[in-house]
Amino acid sequence: MATNAYIDANNIEKHYGSGENSIAAVDSVSFQIRMGELTVLMGPSGSGKSTLLSLLGGLETVDSGRLRVGNAILSDFTSLASAKFRRANVGFLFQDAGLLDRMSIMENVALPLAYTGMAKKLRYMQARKSLESLGLGQRMDHVPGQLSGGERQRAGLARAIITKPKLISSIP
Ligand SMILES: Nc1ncnc2c1ncn2[C@@H]1O[C@H](COP(=O)(O)OP(=O)(O)OP(=O)(O)O)[C@@H](O)[C@H]1O
Ligand SMILES: [Mg+2]
């Protein structure tokens with residue numbers, strides 16, 4: 001179906017395991033999501049929600065069907081192309097914040113910018129702005145272990161959005 005939606009899934013399937021133990025985690029699913037549209041994904045435990053989000057974020061590849069996100073035809077991608085897609089388009093938000101323990105909050109938040117080739121001074125300037133806007137201006141030089149749970153989550157959010165990704169993927 002021709003569509004100008006940002007996300008366009010057509011009969012996508014994802015199986016885990018093989019033979020008798022094969023599980024159809026995502027079984028011929030089709031939908032479209034427009035840019036900026038609020039979409040809620042609901043279903044019982046084990047129905048494939050996390051699997052579907054992994055496919056949209058380029059963390060897993062579909063077995064069959066067609067999946068497009070923006071200009072990227074993810075269903076045609078190799079793992080290297082998927083990695084490039086993630087780097088350019090997806091911010092990852094981890095349920096446990098997923099910060100690197102030995103790095104300061106500032107270094108953690110600035111890290112995704114390093115892969116864009118931005119100069120260090122600029123990376124730290126952006127990270128500072130982002131952290132200040134989330135009320136973490138006084139915590140930038142601390143390591144994650146010195147922060148409260150909520151502060152860690154906000155730092156994780158700052159890191160997820162620092163590259164201004166079009167898509168933010170939440171990782172359990
Ligand atoms: N890596 C894996 N290997 C094998 N089976 C898997 C794997 N990941 C998920 N599954 C199976 O695929 C199905 C869908 O799992 P998924 O995690 O997507 O469900 P979910 O809807 O996110 O569930 P929940 O609400 O409990 O988080 C489940 O039956 C699960 O056991
Ligand atoms: Mg899940």
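Let's start inside the sheet, where Ala-9 stands opposite Phe-31 in strand 2. Keep in mind that this is a predicted model.

Ala-9 belongs to strand 1, which covers residues 7-16. Seven bridges join this strand to strand 2, and the two run antiparallel. At another point along the pair, His-15 has Ala-24 of strand 2 as its bridge partner. Strands 1 and 2 make a hairpin, with six residues sitting between them. In that turn, Gly-17 has a positive phi of about 75°.

Strand 1 has a second partner too. It pairs with strand 3 (residues 64-69), again in the antiparallel sense, over five bridges. Here Ile-7 is matched with Val-69 of strand 3, and Glu-13 stands opposite Ser-64.

Now zoom out to the sheet these strands belong to. It is open, has four strands in the order 2-1-3-4, and its pairing is antiparallel. Strand 2 and strand 4 (72-73) are the edges, each pairing on one side only. As a general point, strands of a sheet pair through backbone hydrogen bonds, in either a parallel or an antiparallel way.

What does the rest of the chain look like? There are five helices and six strands in the chain. Going along the sequence, the pattern is β-β-α-β-β-α-β-α-α-α-β. The C-alpha trace spans about 50 × 30 × 30 Å along its principal axes.

Next, the ligand. Which residues surround ligand 1? They are Tyr-16, Ile-23, Ala-25, Pro-44, Ser-45, Gly-46, Ser-47, Gly-48, Lys-49, Ser-50 and Thr-51. Sorted by class, this shell has four nonpolar, six polar and one charged residues.

Three residues of the shell make polar approaches to oxygen atoms of the ligand, listed here:

| Residue | Atom on the protein side | Distance to an oxygen atom of ligand 1 |
|---|---|---|
| Ser-47 | polar backbone atom | 3.2 Å |
| Lys-49 | polar side-chain atom | 2.7 Å |
| Thr-51 | N or O atom in the side chain | 2.6 Å |

On its own, ligand 1 exposes 640 Å², and the protein buries 55% of that. Two elements give two or more residues to the shell: strand 2 (23-33) and helix 1 (49-56). Helix 1 provides the largest share, at three residues. Strand 2 therefore turns up twice in this account, as an edge strand of the sheet and as a contributor to the ligand shell.Last, the empty space. Rolling a probe the size of a water molecule over the atoms shows where such space is left. How many cavities of 30 Å³ or more does a search of the whole structure find? It finds one. The largest cavity has a volume of about 40 Å³. Its lining is made up of Leu-55, Gly-58, Glu-60, Thr-61, Val-62, Leu-67, Leu-74, Ser-75 and Ser-82. By class, that lining has four nonpolar, four polar and one charged residues.

Notes
Residues numbered from 1 in each chain as written. Chains lettered and ligands numbered in written order. Predicted model: local features only at pLDDT ≥ 70, side-chain atom pairs only at ≥ 80, totals over all residues. Heavy atoms only, no water. Near = heavy atom within 4 Å. Polar contact = N/O pair within 3.5 Å; in protein donor to acceptor, adjacent residues only side chain to side chain. Areas by Shrake-Rupley, 256 points an atom, 1.4 Å probe, with all protein chains shown as cover. Nonpolar A, V, L, I, M, F, W, Y, C, P; charged D, E, K, R; others polar. 1 Å grid on protein atoms, 1.4 Å probe; cavity = no way out; pocket = protein on both sides within 12 Å on 5 of 7 lines; lining within 4 Å. Points joined across faces, edges and corners; volume = space filled by probe spheres on them. Pairing = 2+ DSSP bridges.
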